[in-house]
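Here are some notes on the model, set out as numbered points for reading beside the coordinates. They take up exposure, charge pairs, the surface, the pocket and the backbone in turn.

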Amino acid sequence: MFDVKRLLEAALKARTYAYAPYSQFAVGAAVLTSSGEIFSGCNVENASYGLTVCAERVAAFAAVASGSRELVAIALVADLPYPPLPCGACRQVLSEFNPTMWVVCANLEGQQRCFRLDELLPEAFGPDFQRVQKNKQA
Ligand code: THU
């Protein structure tokens, strides 16, 4: 399928860069694109709290900002007693670029769960809805 180990290693490394002085909860993520490139991200918190961005969105935006919109998979790693799951906002953002991408969740003990994004965000709102709306207006 794809090199899950390589993706998890990138997420694990990105986690070491997490800026999480408020929650102390470090998260790392890494996105695999259709060209085989990996873009990573960590959570970046802010004193205002509300401006915090999750690791998954940082990784996805890094890929898109480098010209890679075809996301094949994302791995995320955090230190929990079970594999961490992406928050709702991140599920929505990831779905924009591939509603059926693979989501690999892992903790530091090596426990893993793998999902297809549409399992985590069924019946998603997506770019097609915008197109339908625009066609109506035209
Ligand atoms: N966080 C992520 O980076 N990814 C998730 O999937 C859930 C939460 C971050 C946001 C915040 O910096 C910290 O974890 C605590 O919520």
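1. A residue is called buried when its relative accessible area is under 20% and exposed when that area is over 50%, with partly exposed used for what lies in between. The model discussed here is a predicted one. By these cut-offs Glu-9 is partly exposed, because its relative accessible area is 44%, whereas Lys-5 counts as exposed at 59% relative accessibility.

2. How many salt bridges are there? The count comes to two, where a salt bridge requires a side-chain nitrogen of Lys or Arg within 4 Å of a carboxyl oxygen of Asp or Glu. As a general point, side chains of opposite charge can pair when their charged atoms come close.

3. One salt bridge joins Lys-5 to Glu-9, and the closest N and O atoms of this pair are 3.3 Å apart. Both residues belong to helix α1, which covers residues 4-15, and because they are four residues apart in that helix, about one helical turn separates them.

4. A salt bridge is also formed between the side chains of Arg-116 and Asp-118, with an N to O distance of 2.6 Å. Arg-116 is partly exposed, its relative accessible area being 33%, and Asp-118 likewise counts as partly exposed, at 28% relative accessibility.

5. On the surface, Tyr-19, Tyr-22, Val-44 and Tyr-49 make up a nonpolar patch of about 420 Å². Of these residues, Tyr-49 sits in the loop between β2 (38-42) and α2 (55-65), and it is classed as exposed because its relative accessible area is 55%, which is over the 50% cut-off.

6. Tyr-49 also deserves a look for its backbone, since its phi is positive, at about 65°, although the residue is not a glycine. A positive phi in a residue other than glycine is found at Glu-123 too, where the value is near 55°. Glu-123 lies in the loop between α4 (117-120) and α5 (127-137), and this residue counts as exposed, with 81% relative accessibility.

7. Turning to the pockets, the largest one has a volume of about 260 Å³. Its lining consists of 18 residues, and those closest to the centre of the pocket are Phe-25, Val-27, Asn-43, Glu-45 and Cys-54. By residue class, the lining of the largest pocket divides into twelve nonpolar, four polar and two charged residues.

8. Two further loop positions can be placed by exposure and by distance. Glu-70 lies in the loop between α2 and β3 (71-78) and counts as exposed at 54% relative accessibility; its C-alpha atom is separated by 17 Å from that of Asp-3, a residue 67 positions away along the chain. Ala-18, for its part, is placed in the loop between α1 and β1 (27-33).

9. Is Ala-18 buried or partly exposed? Ala-18 counts as partly exposed, because its relative accessibility of 22% does not fall under the 20% cut-off for a buried residue. Between Ala-18 and Asn-98 there are 25 Å in space, C-alpha to C-alpha, and the two residues are 80 residues apart in sequence.

Conventions: Residues numbered from 1 in each chain as written. Predicted model: local features only at pLDDT ≥ 70, side-chain atom pairs only at ≥ 80, totals over all residues. Heavy atoms only, no water. 1 Å grid on protein atoms, 1.4 Å probe; cavity = no way out; pocket = protein on both sides within 12 Å on 5 of 7 lines; lining within 4 Å. Points joined across faces, edges and corners; volume = space filled by probe spheres on them. Nonpolar A, V, L, I, M, F, W, Y, C, P; charged D, E, K, R; others polar. Patch = residues over 30% accessible without salt bridge, like charges linked within 9 Å, V, L, I, M, F, W, Y side chains within 5 Å. Areas by Shrake-Rupley, 256 points an atom, 1.4 Å probe, with all protein chains shown as cover. Helix = DSSP H or I, 4+ residues; strand = E, 2+ residues; numbered from the N terminus. Buried < 20%, exposed > 50% of the residue type's maximum accessible area, 1.4 Å probe, protein only.
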